[in-house]
Amino acid sequence: MESSESLRNKCAACYRQFNRLDHLVDHMRTSYHSIHEPTCGICKKHCRSFESLREHLIGPLPKVECAKIFSVRGCNLCLDIFSSLNALRVHRGTCQLSRGSVGGLVSRMASLGIQDELNSGTRGSQVVALGCKMVGGGTDGSLDLCARVCLIDEHENIIFHTYVKPQIPVTNYRYESTGTRPEFLRDAMPVKQVQRKIQDFLCNGEPTWKIRSRGGKARILVGHGLDHDLDCLQIEYPTLMMRDTAKYPPLMKTSKLSNSLKYLTQAYLGYEIQTGMQDPYEDCVATMRLYMRMRNQNHGMENYPLASDPQNRNNFASWRQNELERMTPEEMLQISRSDYNCWCLDTKESP
């Protein structure tokens with residue numbers, strides 16, 4: 001039986017206990033607990049990432065009571081708990097995705113040159129996914145050069161696909177993984193032209209310096225390792241408009257390192273990618289599906305959801321220490337805010 005004192009010093013989010021109340025306040029000041037964290041559907045414990053939640057439910061040392069219920073009524077992909085076995089079976093039909101037509105399209109695209117819909121009806125698409133495949137440059141072939149690029153919309157339709165002619169000689173075509181041959185790049189679109197086309201499409205008529213996170217015309221860009229892809233394409237784009245599955249805290253390892261796209265697709269979508277020769281379209285589809293799954297989570301509404309919002313900057317200020325120590329753990333959790341932009345906010349209006 002827990003004492004009233006230990007309960008008072010117990011975090012209402014992660015359930016960590018502290019010997020002193022001021023230590024709990026310090027914990028809340030740096031943990032950034034919020035309604036946007038992955039949460040156990042049984043005990044309601046908040047976890048920093050889905051990997052942490054997975055360990056809580058089905059790891060080597062899970063919470064016994066939660067693991068027992070999860071083994072019967074839990075989905076091993078989204079980690080949600082359902083009221084009955086029948087509800088779980090129905091859910092799995094939509095949660096378990098498959099490569100489906102993606103695999104067939106990969107083989108058909110092996111000889112595809114240019115597909116350019118940037119100036120057609122896709123202008124209304126506000127979320128697009130980018131995928132690139134690299135060949136090697138430099139004396140040892142280790143310098144990444146973009147040789148193939150693909151853009152898709154929310155419905156997995158190809159907006160833009162082309163081989164790319166690098167500015168420097170290719171010394172390693174990495175054929176085993178890219179399927180790229182010298183003749184594919186000989187008359188390919190120059191990287192500068194690809195850069196201009198994609199940049200113009202993403203900005204959608206807005207100057208880069210004027211782009212804001214909500215209410216503008218610029219498009220949200222989804223991908224995995226976007227900094228690297230954009231750097232290889234020599235494209236500059238505001239971080240606030242990028243949704244990178246390699247950097248999104250709920251999708252990262254418990255060590256706060258990135259998971260591979262191959263792992264994320266298998267763990268959260270239920271199918272394998274990047275087997276044999278790889279195609280950027282397949283990567284685009286995987287990142288878009290991961291983004292949509294994260295975006296569609298229902299976390300409720302907060303007027304000012306980020307700890308960095310001016311309205312929240314003094315929530316745990318040191319000059320409020322005495323006031324904070326008089327609060328219950330539940331009250332402290334109510335004023336705590338996230339330190340990252342949850343993708344569910346992309347579907348909500350700003351205040």
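These legends go with close-up views of a predicted model.

**View 1. The largest nonpolar core and its best-connected residues.** This core takes in 68 residues, and Leu130, Val149, Leu151, Ile198 and Tyr237 have the most contacts inside it. Helix α12 (residues 280-295) chips in with 9 residues, the largest share. Off on its own is a second core of 12 residues, with Cys14, Leu21, Val25 and Leu324 among them.

**View 2. Leu130 and its neighbours.** Leaving aside residues up to four places away in sequence, Leu130 touches Val149, Cys150 and Leu151, along with Ile198. The list carries on with Leu221, Val222, Gly223, Leu226, Asp229, Leu230 and Leu233, plus Cys284.

**View 3. The salt bridge between Asp22 and Arg20.** Here the two side chains meet with N and O at 2.7 Å. Asp22 is buried at 19% relative accessible area, while Arg20 is partly exposed at 47%.

**View 4. Glu156 paired with Arg289.** The closest N and O atoms of this salt bridge sit 2.9 Å apart. Glu156 lies in the loop between β3 (143-152) and β4 (158-165), and Arg289 belongs to helix α12, so the bridge links parts of the chain 133 residues apart. Glu156 is partly exposed at 22% relative accessible area, whereas Arg289 is buried at 16%.

**View 5. Glu302 and Arg337, another salt bridge.** Their closest N and O atoms are 3.5 Å apart. Glu302 comes from the loop between α12 and α13 (321-325), and Arg337 from the segment after α14 (329-335), 35 residues apart. Both partners are buried. The full count for the model is 15 salt bridges.

Notes. Residues are numbered from 1 along each chain as its sequence is written. This is a predicted model: local features need pLDDT of at least 70, side-chain atom pairs count only at pLDDT 80 or more; totals for chains, interfaces and linings use all residues. Side-chain values use heavy atoms; hydrogens and water are left out. A nonpolar core is a set of buried Ala, Val, Leu, Ile, Met, Phe, Trp, Tyr and Cys residues joined through side-chain atoms within 4.5 Å. Buried means under 20% relative accessible area, exposed over 50%, partly exposed in between (1.4 Å probe, protein chains only). Helices (H or I, at least four residues) and strands (E, at least two) are DSSP runs, numbered from the N terminus. Contact means heavy atoms within 4.5 Å. A salt bridge is a side-chain nitrogen of Lys or Arg within 4 Å of a carboxyl oxygen of Asp or Glu.
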